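Me: I would like to go through the assignments in this model one at a time, asking in each case what the label rests on.

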Amino acid sequence: MLDRDRMRLVRVEEVRDESPTVRTLIFRDEQAYRASAGQFLMVWIPRVDEVPMSVMLDPYDREGYAALTVRRHGYSSTALYNMQVDGMIGVRGPYGRGFSATDGNVILVGGGTGLVPLLRLCRVLSARITFIMGSRSRDEVIFEELARRLVGSNGRVVVCTDDGSYGLKGYATDALKTVLDDTIGKKGERVDMVYTCGPEAMMLKVLRMAHEYGVEAQASLERIMKCGIGLCSSCCIGRYVLCRDGPVMNARDILALEEFGHYARDKSGRLIRI
Ligand SMILES: Cc1cc2nc3c(=O)[nH]c(=O)nc-3n(C[C@H](O)[C@H](O)[C@H](O)COP(=O)(O)OP(=O)(O)OC[C@H]3O[C@@H](n4cnc5c(N)ncnc54)[C@H](O)[C@@H]3O)c2cc1C
């Protein structure tokens, strides 16, 4: 057993409200602090369940600290969301393959808690970054300030909302098309990589669009994950075991999967339409 596979009990030191349904829990853990962008933790919520969660940056950038950003949804995420300061959770990992960094000109497209691994990625990229952040409405816009800080003066952040209540009106994929047209079409510049994480329907569009424009892409996928170490195969997608071979995969491999964007496995392993 590797050290990272041992469950570590950590104390929640701070809880931050990001939006009416999203909170960030900050804790100290050396291994999570050292996670690469896109890796995840298996998070044990005592008396509830164990679920995978991306490793979030400590918003204060302290050595040895990490965080989880959780959207209140069903049973497990609501229990984690309701965790108070001084509450204890268990963490294993970090697990999986994260994003690989590229220089030059890159575009990040994220939505909701899918922004979490992309923010971590910003910290390690030396490329010029255009960060497209999509959400349904103004209430759900999260991490705009942090993204602006991480992207720096060399890059830019584009916020869009589906209902137009803040930033550009429209989907993140509409903004991506505009940025690609402008950069490749009008200015004749290269785009070296598109990175994406968020709802699967959005990622499918992003990967197809990047392919149309001849740009490489990487996406972080989600499936039911139980062991986190490639043994139980709860998270298989095509011939891949996502917790081990992903969660980040390249566009070519993802677009070759018939399941992606259409089917996922439920907890019994049955393929269901998504
Ligand atoms: C690599 C990865 C990173 C993720 N990062 C985040 C994150 O940063 N923030 C965030 O809010 N969510 C994240 N998720 C999603 C998260 O793991 C849960 O799927 C989500 O919180 C919904 O769980 P739920 O209990 O609220 O909802 P429901 O959809 O109602 O789930 C019901 C039950 O199904 C089981 N279940 C659901 N999803 C999973 C899963 N993916 N793996 C194992 N069991 C599951 C649990 O027992 C859960 O209680 C991530 C998922 C993956 C695979």
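Me: In this predicted model, which residues of α6 are called buried, and what makes a residue count as buried?

Reply: The buried residues of α6 are Met202, Met203, Lys205, Val206, Leu207 and Ala210, and the label requires 20 or more other C-beta atoms within 10 Å of the residue's own. What covers these residues includes β7 (105–111), α5, β11 (193–197), β12 (217–220) and α8 (251–255).

Me: How do you know that the span of α6 is close to the one expected for a helix?

Reply: Helix α6, residues 200–212, has 13 residues and reaches 18 Å from its first C-alpha to its last; the expected span, at 1.5 Å for each residue after the first, is likewise given as 18 Å, so the two are close. After the helix comes Gly214, with a positive phi near 70°.

Me: Why is Asp181, in helix α5, called exposed?

Reply: Asp181, which belongs to helix α5 (residues 172–186), has 12 C-beta neighbours inside 10 Å, and because a residue with 12 or fewer is classed as exposed, Asp181 meets that limit.

Me: What makes β4 and β5 the edges of the six-stranded open sheet?

Reply: The sheet has the order β4-β3-β6-β1-β2-β5, with antiparallel pairing. β4 (49–54) and β5 (65–71) each have a single partner strand, so one side of each is left without a neighbour in the sheet. From one strand to the next, the twist averages 40°.

Me: How do you know that β3 and β6 pair?

Reply: Pairing takes at least two bridges, and four join β3 (residues 40–45) to β6 (residues 88–95), so these antiparallel strands qualify. Trp44, for instance, has Gly90 of β6 as its bridge partner.

Definitions and conventions: Residues are numbered from 1 along each chain as its sequence is written. This is a predicted model: local features need pLDDT of at least 70, side-chain atom pairs count only at pLDDT 80 or more; totals for chains, interfaces and linings use all residues. Two residues are in contact if their C-beta atoms, placed from the backbone, lie within 7 Å. Axes are lines fitted to C-alpha atoms, for helices over the stretch in contact, and angles run from 0 to 180 degrees between N-to-C directions.
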